[in-house]
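Here is a short walk through one protein model. Keep the coordinates open and follow each stop in turn.

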Amino acid sequence: MTCCSSPRGWSPQRRRCSHKVTDGVDYDGGKKRYLPPTSRKDPKFEELQKVLMEWINTTLLPEHIVVRSLEEDMFDGLILHHLFQRLAALKLEAEDIALTAASQKHKLTVVLEAVNRSLQLEERQAKWSVETIFNKDLLSTLHLLVALAKRFQPNLSLPTNVQVEVITIESTKSGLKSEKSVEQLTEYSTDKDQPPKDVFDELFKLAPEKVNAVKEAIVNFVNQKLDRLGLSVQNLDTQFADGVILLLLIGQLEGFFLHLKEFYLTPNSPAEMLHNVTLALELLKDEGLLSCPVSPEGTLYSLKDLPATTTAGWGQCFSQ
């Protein structure tokens, strides 16, 4: 993913690049869904795209067609048209070259209707649509290509258990409503593909009576470190969600000052909060304070994903 410039002027010595949540795709009544940087950089997610791209280019080699980006090259129906005709050994009644947006969308409609018939799917069952493919929704495009590969090239070695976290943001009368979900792109194949158990997830499941004691210990630790700033934490469930307390805590632990231009002191949107949390977790990794993986989105939505917040806090405690 190409690096983008910071919203408030990052110090180039501190970080290579910054990320903002700006690649949302409209769908389903004004909702937008985003692939955060952590999802885009997931090795299995990148491997899936590579395998699919090589498969498409090999299939279309006789036609001298080369795909360089699944996100940018598939939306207008041209590649899908040629790919499906070769895979299904049939000819579609669609114009070969479509130059206008309207003609491209019509072509894509014809192709997807034929694909759905071949896969024996009704439109409502498909994990893609004309709108999502045309709007360059990478997840929809991947779902479509995985389905085609399974139908016409079942021996293609796709990486198993590819799943990515997705953020869905909806504008409502009361403001922005955000939700995190996991998108499953390929299936589990063996037991070793099952995700590893998190120690804190297991604690919450097996010994819920100890959760409050764990949270109290973390709160005491945090308040000792933030006392010199005149700050305190009372609610672990919510006060880490926007990343501000976490960033200030890291500064106290490591003895450096974070310039206010580098983060949002009073974040006003989920994108700004995610920006803060992503920076905080990257700083923890850079300083060797975080040995286990933590999802920025899990910390952002800690009310729904308390284990991620707790793991982050304990990572700092143990490192000290």
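**A tryptophan, a pocket and a patch**

At 7% relative accessibility, Trp-128 counts as buried, because the cut-off for that class is under 20%. Bear in mind that this is a predicted model. Trp-128 is not part of a helix here: its place is in the loop between helix H5 (101-118) and helix H6 (130-134). Now look along the chain to Leu-142. Trp-128 and Leu-142 are 14 residues apart in sequence, and their C-alpha atoms are separated by 9.0 Å.

Next comes the second largest pocket. Its volume is about 410 Å³. Twenty residues, written 20 in the count, line this pocket. Val-146, Ala-147, Lys-150, Leu-185 and Glu-187 are the ones that lie nearest its centre. Which helix gives the most to the lining of this pocket? Helix H7 (residues 138-152) does, with five residues. By class, the lining has eleven nonpolar residues, alongside six polar and three charged ones.

The last stop is on the surface. Phe-257, Leu-260 and Leu-265 make a nonpolar patch of about 340 Å² there. Take Leu-265 from this group. Leu-265 sits in the loop between helix H11 (244-254) and helix H12 (270-286). Is Leu-265 buried or partly exposed? Its relative accessibility is 43%, so Leu-265 counts as partly exposed. That value falls between the limits of under 20% for buried and over 50% for exposed. Trp-128, at 7%, is on the buried side.

Definitions and conventions
Residues numbered from 1 in each chain as written. Predicted model: local features only at pLDDT ≥ 70, side-chain atom pairs only at ≥ 80, totals over all residues. Heavy atoms only, no water. 1 Å grid on protein atoms, 1.4 Å probe; cavity = no way out; pocket = protein on both sides within 12 Å on 5 of 7 lines; lining within 4 Å. Points joined across faces, edges and corners; volume = space filled by probe spheres on them. Helix = DSSP H or I, 4+ residues; strand = E, 2+ residues; numbered from the N terminus. Nonpolar A, V, L, I, M, F, W, Y, C, P; charged D, E, K, R; others polar. Patch = residues over 30% accessible without salt bridge, like charges linked within 9 Å, V, L, I, M, F, W, Y side chains within 5 Å. Areas by Shrake-Rupley, 256 points an atom, 1.4 Å probe, with all protein chains shown as cover. Salt bridge = Lys/Arg side-chain N within 4 Å of Asp/Glu carboxyl O. Buried < 20%, exposed > 50% of the residue type's maximum accessible area, 1.4 Å probe, protein only.
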